[in-house]
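Could you walk me through this model in the viewer, one selection at a time? I would like to know what to click on next and what to look for there.

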Amino acid sequence: MMKKALVMMVTALTLTMSVSAQNDNGNQQRQRPSKTEMIQKRTDRMVERYGLNKEQAQQLLKVNTTYESQLMDGRRGPRMPGQGQRPVRRDSVERQRPSQEQMEAMRKEMTAKMDAYKAEVKKIMTDEQFAKYEADLKNFRPGRRPNDK
């Protein structure tokens with residue numbers, strides 16, 4: 001008798017958990033933010049972090065919009081199904097690493113783009129704001145925002 005009751009309670013608990021897990025997955029599908037939303041969030045974080053005024057914020061939004069595609073290309077990862085391209089199976093395509101010369105050229109190109117972006121940001125910010133921005137860049141580690149410590 002006790003064994004039956006225990007088995008029934010475990011079964012009921014398992015069913016309840018699986019139903020609630022299915023409901024959670026169905027109702028909370030995460031959508032990726034659009035490019036415009038990503039640019040706005042980046043701008044808002046910088047405005048808050050460096051204490052920019054409204055005019056500076058508008059100028060920064062323009063700069064971030066201009067440089068978004070140049071600085072973020074290649075960082076988005078593979079396209080997800082339903083985003084315009086058919087997914088490619090990893091084992092069906094032979095992957096080749098870029099040569100050392102290609103890597104160096106890509107690094108120089110990205111450095112030039114970052115320098116151009118920093119020059120535009122420097123025109124917008126005061127000396128104190130830009131000094132704080134540069135200090136954050138020096139302390140920046142990939143995968144971590146500058147104000148995370």
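Start with the whole chain in cartoon view: the protein has five helices and zero strands, so the order of elements from the N terminus on reads α-α-α-α-α. Keep in mind as you go that this is a predicted model. Now switch on the surface. The accessible surface comes to about 13100 Å², and 53% of that area belongs to carbon and sulfur atoms. Of the 149 residues in the protein, 15% are buried. Of the contacts with a separation of 6 or more, 64% are between residues 24 or more positions apart.

**Stop one: the aromatic cluster**

Hide the surface and select Tyr 50, Phe 130 and Tyr 133, which ring pairs link into a cluster. With ring centres required to lie within 6.5 Å, the count for the model comes to three aromatic pairs. Look at Tyr 50 and Tyr 133 to begin with: this pair is edge-to-face, with 5.8 Å from centre to centre and 80° between the planes. Colour by helix and you will see Tyr 50 in helix H2 (residues 35-50) and Tyr 133 in helix H5 (residues 127-139), so the pair ties together parts that are 83 residues apart in sequence.

Are these two rings buried or exposed? Tyr 50 has 9% relative accessibility and counts as buried; Tyr 133, at 4%, counts as buried too.

Now turn to the neighbouring pair in the cluster, Phe 130 with Tyr 133. Their ring centres are 5.8 Å apart and their planes meet at 35°, so this pair is tilted. Both residues belong to helix H5, three residues apart, which is about one turn of the helix. Phe 130 is buried as well, at 8% relative accessibility.

**Stop two: where H4 meets H5**

Keep H5 on screen and add helix H4 (residues 100-124). The two helices pack at an angle of about 150°, with their axes 10 Å apart. Angles over 145 degrees count as roughly antiparallel, and H4 and H5 are therefore roughly antiparallel to each other. To see the contact itself, show side chains for Tyr 117, Lys 118, Val 121 and Lys 122 on H4, then for Phe 130, Tyr 133, Glu 134 and Leu 137 on H5. By type, the residues of this contact divide into five nonpolar, no polar and three charged.

**Stop three: Lys 118**

Which residues does Lys 118 touch, leaving out those up to four places away in sequence? Select Lys 118 in helix H4 and you will find Phe 130, Tyr 133, Glu 134 and Leu 137 in contact with this lysine. Draw a distance between the C-alpha atoms of Lys 118 and Glu 134: they are separated by 8.8 Å, and the two residues are 16 apart along the chain. Lys 118 counts as partly exposed, at 23% relative accessibility.

**Last stop: Tyr 67**

Finish by centring on Tyr 67 in helix H3 (residues 54-72). Tyr 67 is buried, with a relative accessible area of 12%. Leaving aside neighbours within four places in sequence, its contacts are Lys 113, Ala 116, Tyr 117 and Glu 120. For a closing distance, pick the C-alpha atoms of Tyr 67 and Glu 120: these residues are 53 apart along the chain, and the atoms are separated by 9.9 Å.

Notes. Residues numbered from 1 in each chain as written. Predicted model: local features only at pLDDT ≥ 70, side-chain atom pairs only at ≥ 80, totals over all residues. Heavy atoms only, no water. Phe/Tyr/Trp six-rings, centres within 6.5 Å; stacked < 30°, edge-to-face > 60°. Helix = DSSP H or I, 4+ residues; strand = E, 2+ residues; numbered from the N terminus. Buried < 20%, exposed > 50% of the residue type's maximum accessible area, 1.4 Å probe, protein only. Axes fitted to C-alpha atoms, helices over the stretch in contact; angles between N-to-C directions. Parallel < 35°, antiparallel > 145°, perpendicular 65-115°, else oblique. Contact = heavy atoms within 4.5 Å. Nonpolar A, V, L, I, M, F, W, Y, C, P; charged D, E, K, R; others polar. Areas by Shrake-Rupley, 256 points an atom, 1.4 Å probe, with all protein chains shown as cover.
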